[in-house]
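Trainee: I would like to learn how to read a protein model step by step. Could you take me through it slowly?

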Amino acid sequence: MDPLIEARALTKRFGGFVAVDGIDFVIRPGEAFGFLGPNGAGKSSTMRMIGCVSPVSGGTLRVLGMDPAADGAQIRARLGVVPQEDNLDTELTVWDNLMIYGRYFDLPRAEIRRRAEELLEFVQLTDRRDSRVDPLSGGMKRRLTIARALINEPEVLLLDEPTTGLDPQARHMLWERLYRLKQDGVTLVLTTHYMDEAEQLCDRLVIMDAGRIVAEGSPRDLVATHATREVVELRFGRAAEQHAALARVRTLAPRVEPVADRLLVYTDDGDATAAAVTADGVGAASVLVRRASLEDVFLILTGRTLEE
Amino acid sequence: MSTPPVVRVMEREARVLARLWRGMVFSTLLSPLLFLAAMGLGLGGLVKAHTGRVAGLTYLDFVAPGLMVASAMQLAANEAMWPVLGGVKWMKTFHATVATPITAGEIVVGYVLWVVVRAIGASTVFFVVAALLGAVPSAWGVLAIPAAALCAGAFAAPLAAYSVTLDTDLVFPVIMRVGVLPLFLFSGTFFPLSQLPSGLRPLAAMSPLWHGVELARGATTGTLHIGADIVHVLVLLACVGAGFAWGRRTFARRLTS
Amino acid sequence: MSARMGSMRVLPPLGARQRPWRMVERNVLAYRRTWYVFLSGFFEPVLFLLSIGIGVGKLVGKLPFDGHLVDYKQFVAPGLLASAAMNGSLLDTTFNFFVKYKYSHTYDAILATPLGTGDVATGEVVWALMRGAIYSTAFLLTMVAFGLVPSWWALLVVPVAVLIGFAFAGAGLAGTTFMRSWVDFDYVTLALVPLFLFSATFFPLSQYPAGLQAVIRLTPLYQGVVLERALVLGHMQWTLLVHAAYLAVMGAVGLRVAARRIGRLLQP
Ligand SMILES: Nc1ncnc2c1ncn2[C@@H]1O[C@H](COP(=O)(O)OP(=O)(O)OP(=O)(O)O)[C@@H](O)[C@H]1O
Ligand SMILES: [Mg+2]
């Protein structure tokens with residue numbers, strides 16, 4: 001199948017500062033594609049270029065087979081955008097936000113009304129339809145922003161950190177909604193710095209750091225390729241103890257990453273390594289064995305944690 | 001020795017102002033003086049040619065104290081609307097303040113006194129310029145400055161008490177256009193109340209601005225009437241007091257519920 | 001949501017000409033619930049007319065204008081109308097535009113749709129002009145009610161008010177593209193108040209010192225005041241076309257500057 005979105009050496013500069021540094025990626029119809037990375041990695045800058053609201057500084061970008069610089073309006077007509085920061089129209093009500101957004105896409109009013117009813121149902125805001133936007137809770141605003149992004153029945157939905165700031169229940173509800181959209185054939189492009197979100201939602205993802213892509217693949221492949229099967233987490237009572245133990249632990253396993261409050265020991269056999277650590281008497285206050293995750297892939301590739 | 005809480009509230013506002021001095025120079029000093037030049041000198045020339053004196057004064061002498069007090073009122077109204085709502089809604093600085101030992105009641109008083117201090121500053125500059133233009137015939141004129149300050153407090157206190165209850169700033173332009181501007185234009189500022197249709201005169205006499213203007217005009221022209229002036233002062237003080245009493249309640253409700 | 005299954009259809013691209021009208025539609029929607037704010041915009045010039053025109057007018061009597069004597073209120077009313085046209089248009093294209101793009105991010109959301117930066121700017125200018133046309137029509141009717149409009153040329157008063165609005169919309173929008181923060185708007189106030197007071201609005205040019213008269217002849221609101229006063233009083237002259245041309249050029253140049261800069265401003 002032809003790619004829906006294709007970037008080659010895509011670059012974004014703000015003055016002399018390079019926010020996106022020559023990245024390549026391909027997004028295919030119907031998949032859920034993620035950009036995972038820490039603050040300032042260049043995720044939003046990339047999303048805004050795909051959304052045709054930020055001119056490309058270098059390289060090439062094709063969206064829906066068209067060039068954002070020349071065909072921005074036609075491309076945007078087929079996209080739905082959920083920006084990182086909610087930008088609902090605070091001068092309008094919930095309902096009017098959907099109505100006018102539909103008008104921006106030049107939809108007939110009757111059709112917008114039909115879709116708006118459906119969408120309010122979909123995001124469970126029907127009882128707030130005549131409320132102004134300001135008094136809505138953060139989660140409600142987020143849901144309304146998503147409903148708004150769907151008013152034109154987009155083929156591609158761009159979601160910039162869709163669940164940041166939501167409580168766990170609201171996050172799960174949103175994931176379930178997004179999953180249903182994907183079932184309906186909508187291509188999802190999202191950014192996140194939550195590895196559980198990436199694992200839940202993405203078929204494929206790229207890990208970005210400082211404007212570059214450092215790895216690409218499905219969540220499972222990324223873990224398999226870049227991390228070990230299991231991780232042993234060692235916590236210490238005091239920072240000095242952790243510091244002292246580092247060299248000792250390094251003799252027991254090939255890969256050890258110190259993070260703020262613990263040591264992460266990468267190993268294929270967690271229990272064996274945990275036993276070895278305990279036997280060696282490094283003096284860890286707690287020892288925990290778990291499966292490796294995307295978080296670990298990121299740490300191994302960049303030497304940093306995602307949320308710091 | 002500890003600084004009184006009210007003064008600490010004022011100090012915070014002074015720090016903000018130190019960054020925004022240019023806006024203050026333009027809108028609270030320069031534009032009243034431009035009005036004085038346009039009305040007192042430009043329009044005054046036409047009045048002189050036609051009627052000569054207004055209420056026994058040259059038009060410049062007549063309009064200068066009016067503009068001085070009216071400008072203090074406008075400054076007070078502005079400062080008691082947007083910044084107050086900002087303090088509880090957009091920037092939430094009052095929320096931060098009330099989290100310290102300072103109480104909601106002290107915030108209203110401190111904030112309003114701060115507005116009064118600014119009105120004193122602006123009125124003083126205006127007064128000096130007006131005097132240089134020869135618009136202050138009497139040495140009692142200095143008393144116009146406290147008159148303007150009192151009038152500023154009479155507007156700032158109740159308006160701040162009201163602003164803090166709001167959720168949007170939509171009504172502020174409406175208050176400016178439908179409340180403050182008519183007062184500015186019809187409180188004996190630009191022409192004597194006696195020229196209004198007789199039905200409207202008592203209405204205009206209820207305007208706190210009129211009381212302030214009467215006080216100030218009495219001072220700059222040296223025609224003080226003790227009896228009437230005491231009434232003017234009492235009316236203005238009553239507005240301040242009512243504003244504080246109301247503000248204590250509304251600020252407390254908004255900040256500590 | 002079942003209807004979406006087969007919806008890989010391509011929407012017809014919105015006709016480029018219609019797009020700015022969507023901005024107007026949005027603003028109408030926004031004001032539908034806050035009509036009293038819209039309504040209050042009408043009071044300002046009327047209150048000035050009552051106070052300065054009629055109240056102070058009694059103290060001023062009649063003024064010589066073009067060889068005749070005219071009532072002061074008749075002299076001042078067209079000036080107030082021209083000032084109101086300037087005021088409204090400047091507020092919409094400076095403060096209001098700045099708030100929407102910098103603080104409420106209203107335009108960010110709109111630009112994610114087929115509307116582009118040009119459509120947003122054009123739409124806002126069109127809206128400002130429509131609003132100005134409504135207010136100046138209302139004010140003109142008030143003037144008629146007060147018997148202040150002797151000439152049929154006054155039919156052109158509203159179109160000229162729109163022209164004044166256009167001139168200041170161009171200047172305002174161009175200026176806004178250079179603004180970095182709130183503090184910069186002090187310059188708008190700095191320009192607005194002297195223009196309002198010293199454009200032969202409240203008293204004729206002859207009241208100024210000679211040196212100042214030459215300066216005022218060059219300022220933008222003066223052009224509008226001269227035009228409106230001539231139309232209301234029916235004193236038509238060919239030289240009025242120069243004043244109209246001044247305003248047209250000012251608006252066009254301003255919008256060109258704004259058009260070049262606004263894309264980068266709204267979409268960094
Ligand atoms: N308009 C702009 N002007 C200048 N620099 C910018 C602009 N927008 C983004 N940047 C810079 O580009 C870099 C990447 O920003 P971007 O918003 O794309 O990061 P991000 O990956 O989305 O981060 P976050 O997780 O915090 O949202 C940052 O260093 C940021 O400061
Ligand atoms: Mg981002």
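Mentor: We shall go from the overall fold of one chain to a contact between chains, and then to two single residues.

Mentor: Please keep in mind throughout that this is a predicted model.

Trainee: How many helices and how many strands does chain B have?

Mentor: The secondary structure of chain B comes to 11 helices and 0 strands, so that, read from the N terminus, its elements run α-α-α-α-α-α-α-α-α-α-α.

Trainee: What does the radius of gyration of chain B tell me?

Mentor: The idea is to set the value beside the one that a compact globule would have, which for 257 residues is near 18 Å, and because chain B has 19 Å, the two agree. Along the principal axes, the C-alpha atoms of chain B fill a box of roughly 60 × 40 × 35 Å.

Trainee: What share of the residues in chain B is buried, and what share of its contacts joins residues 24 or more positions apart?

Mentor: A residue counts as buried when its relative accessible area is under 20%, and buried residues make up 56% of the 257 in chain B. Among contacts in chain B with a separation of 6 or more, 79% are between residues 24 or more positions apart. As for the surface, chain B exposes about 10600 Å², with carbon and sulfur atoms supplying 70% of that area.

Trainee: How many positive and negative side chains does chain B have?

Mentor: There are 17 positive and 9 negative side chains in chain B, and the centres of these two sets lie 4 Å apart.

Trainee: Which residues of chain B lose the most area to chain C?

Mentor: It helps to take the whole contact before its parts: chain B and chain C bury about 3100 Å² between them, 77% of it on carbon and sulfur atoms. The contact takes 33 residues from chain B and 35 residues from chain C. On the chain B side, the residues losing the most area are Arg22(B), Leu46(B) and Arg177(B), which together account for 20% of what that side buries.

Trainee: Why might a positive phi catch a reader's eye?

Mentor: It stands out because most residues other than glycine have a negative phi. Ala55(B), although not a glycine, has a positive phi of about 50 degrees, and its place is in the loop between helix 2 (21-50) and helix 3 (59-79) of chain B. His105(C) also has a positive phi of about 50 degrees without being a glycine, and is found in the loop between helix 4 (72-103) and helix 5 (106-111) of chain C.

Trainee: Is each of them buried, partly exposed or exposed?

Mentor: Ala55(B) is exposed, with a relative accessible area of 63%, whereas His105(C) is partly exposed, at 30%.

Definitions and conventions. Residues are numbered from 1 along each chain as its sequence is written. Chains are lettered from A and ligands numbered from 1 in the order in which they are written. This is a predicted model: local features need pLDDT of at least 70, side-chain atom pairs count only at pLDDT 80 or more; totals for chains, interfaces and linings use all residues. Side-chain values use heavy atoms; hydrogens and water are left out. Helices (H or I, at least four residues) and strands (E, at least two) are DSSP runs, numbered from the N terminus. The radius of gyration is taken over C-alpha atoms; the globule rule is 2.2 Å times the number of residues to the power 0.38. Buried means under 20% relative accessible area, exposed over 50%, partly exposed in between (1.4 Å probe, protein chains only). Contact means heavy atoms within 4.5 Å. Accessible areas come from the Shrake-Rupley method with a 1.4 Å probe; for residues, only the protein chains shown count as cover. Lys and Arg count as positive and Asp and Glu as negative; His and the chain ends are not counted. The place of a charge is taken as NZ of Lys, CZ of Arg, CG of Asp or CD of Glu. Buried area is the accessible area (1.4 Å probe) that two parts lose on being put together, summed over both.
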